[in-house]
Amino acid sequence: MRNASKASEAPDSVDARLGARLAELRAERGWSLEELAQRSGVSRSTLSRAERAETSPTAALLNRLCAVHGRTMSQLLGEVEARPAPLVRAAEQPVWEDRDSGFVRRSVSPPHAGLRGELVEGRLAAGADIAYDRPPVPGLEQHIWVLEGALRVTAQDVVHRLGAGDCLRLRVWGPVRFRCPGPAGARYVLAVVLP
């Protein structure tokens, strides 16, 4: 526990990152503080203070939260100790290609446990059609900004027709389909934000 003089100081950066990660884990499951308190046996106020880095969590508290979230303490601490690189050089950005569908994906700002967002450059060949049956995380926030060409995005049975410069913003709850109608390919930026 912190003494009175330390309480007025800014929280330790590890405590702040740990608090943010605990809040993310709770949000990923869609749990309120009250629900997490019931599942963990830790008071709502203690959970709230830990998430806001107003207190340093004890090992016992972390052990209870790790059990609820299904990870070891080492895993949890590893997620907050490693800082994401502030600069990702073009040569270090992973590129993946699905030749069968005509899709190229560049991870411009790769995902990291310490960050909620990710930035992807997508390229679809003319006629390419990619369907995803579900989001990796329900309620995933996406911003799709078309840089070149045209794109058809279908979400919740609504077809959105996008041209160069257009941006579609949505939360993904179910199937999503990306299609490039042509005649040229499409290049777009996809910003992904965890709920």
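Over how many bridges do strand E5 and strand E10 pair, and in which sense? In this predicted model, strand E5 (residues 140-148) and strand E10 (residues 186-193) are joined in the antiparallel sense over 7 bridges, and within this pairing His-143 is found opposite Ala-191 of E10. The two strands belong to an open sheet of 6 strands, which runs in the order E1-E2-E3-E10-E5-E8 with antiparallel pairing. Strand E1 (95-98) and strand E8 (167-172) occupy the edges of this sheet, and because each has a single partner strand, one side of each is left without a neighbour in the sheet. Averaged over the sheet and with direction ignored, neighbouring strands are turned by 20° against each other.

The confidence of the prediction varies along the chain. The mean pLDDT of the protein is 86, and 90% of the residues reach 70 or more. Among the elements, strand E7 (residues 158-162) has the highest mean pLDDT, at 98, whereas helix H1 (residues 4-7) has the lowest, at 38. Over residues 1-11 the pLDDT is below 50, and this stretch has 8 contacts in the model beyond near neighbours in sequence.

Another open sheet is made up of 4 strands in the order E4-E9-E6-E7, again with antiparallel pairing. Here strand E4 (129-132) and E7 are the edge strands, each of them pairing on one side only, and the twist from one strand to the next averages 15°. E4 is paired with E9 in the antiparallel sense over 4 bridges, with Asp-129 standing opposite Arg-179 of E9. The antiparallel pairing of E6 and E7 extends over 5 bridges, and the bridge partner of Val-153 in E7 is His-160. The hairpin formed by E6 and E7 has 2 residues between the strands, and in this hairpin Gln-156 takes a positive phi near 50°. Asp-157, found in the loop between E6 and E7, likewise has a positive phi, of about 60°, although it is not a glycine; with a relative accessible area of 78%, Asp-157 is exposed.

The largest nonpolar core draws on strands that have been described in both sheets. Of its 23 residues, those that touch the most other members are Leu-124, Ile-144, Leu-151, Val-153, Leu-162, Phe-178 and Tyr-188. At least two residues of this core are supplied by each of strand E3 (117-124), E5, strand E6 (151-155), E8, strand E9 (176-179) and E10, and E10 gives the most, with 4 residues. The surroundings of Val-153 illustrate the packing: when residues up to four places away in sequence are not counted, Val-153 touches Ile-144, Val-158, Val-159, His-160, Leu-162, Leu-168, Val-176, Arg-177 and Phe-178. Apart from this core lies another, of 16 residues, which includes Leu-33, Leu-65, Leu-76 and Val-80. In soluble globular proteins, nonpolar side chains tend to be buried together.

One member of the 16-residue core, Leu-33, is also among the buried residues of helix H3 (residues 33-40), which are Leu-33, Leu-36, Ala-37 and Ser-40. Viewed down the axis of H3, these buried residues fall within an arc of 105°, and they therefore line one face of the helix. The cover over the buried residues of H3 includes helix H2 (13-28), helix H4 (44-51) and helix H5 (59-69). Immediately after H3, Gly-41 adopts a positive phi of about 80°.

Further backbone features occur in loops. Most residues other than glycine have a negative phi, and most peptide bonds are trans. Ala-53, which lies in the loop between H4 and H5, has a positive phi of about 60° although it is not a glycine. Is Ala-53 buried or exposed? Since buried means under 20% relative accessible area, Ala-53 counts as buried, its relative accessibility being 6%. Finally, a cis peptide bond with omega of about 10° joins Gly-182 and Pro-183, and Pro-183 is located in the loop between E9 and E10.

Methods: Residues numbered from 1 in each chain as written. Heavy atoms only, no water. Pairing = 2+ DSSP bridges. Axes fitted to C-alpha atoms, helices over the stretch in contact; angles between N-to-C directions. Buried < 20%, exposed > 50% of the residue type's maximum accessible area, 1.4 Å probe, protein only. Arc of directions from axis to C-beta. Contact = heavy atoms within 4.5 Å. pLDDT = per-residue confidence, 0-100. Core = buried A, V, L, I, M, F, W, Y, C linked by side-chain atoms within 4.5 Å.
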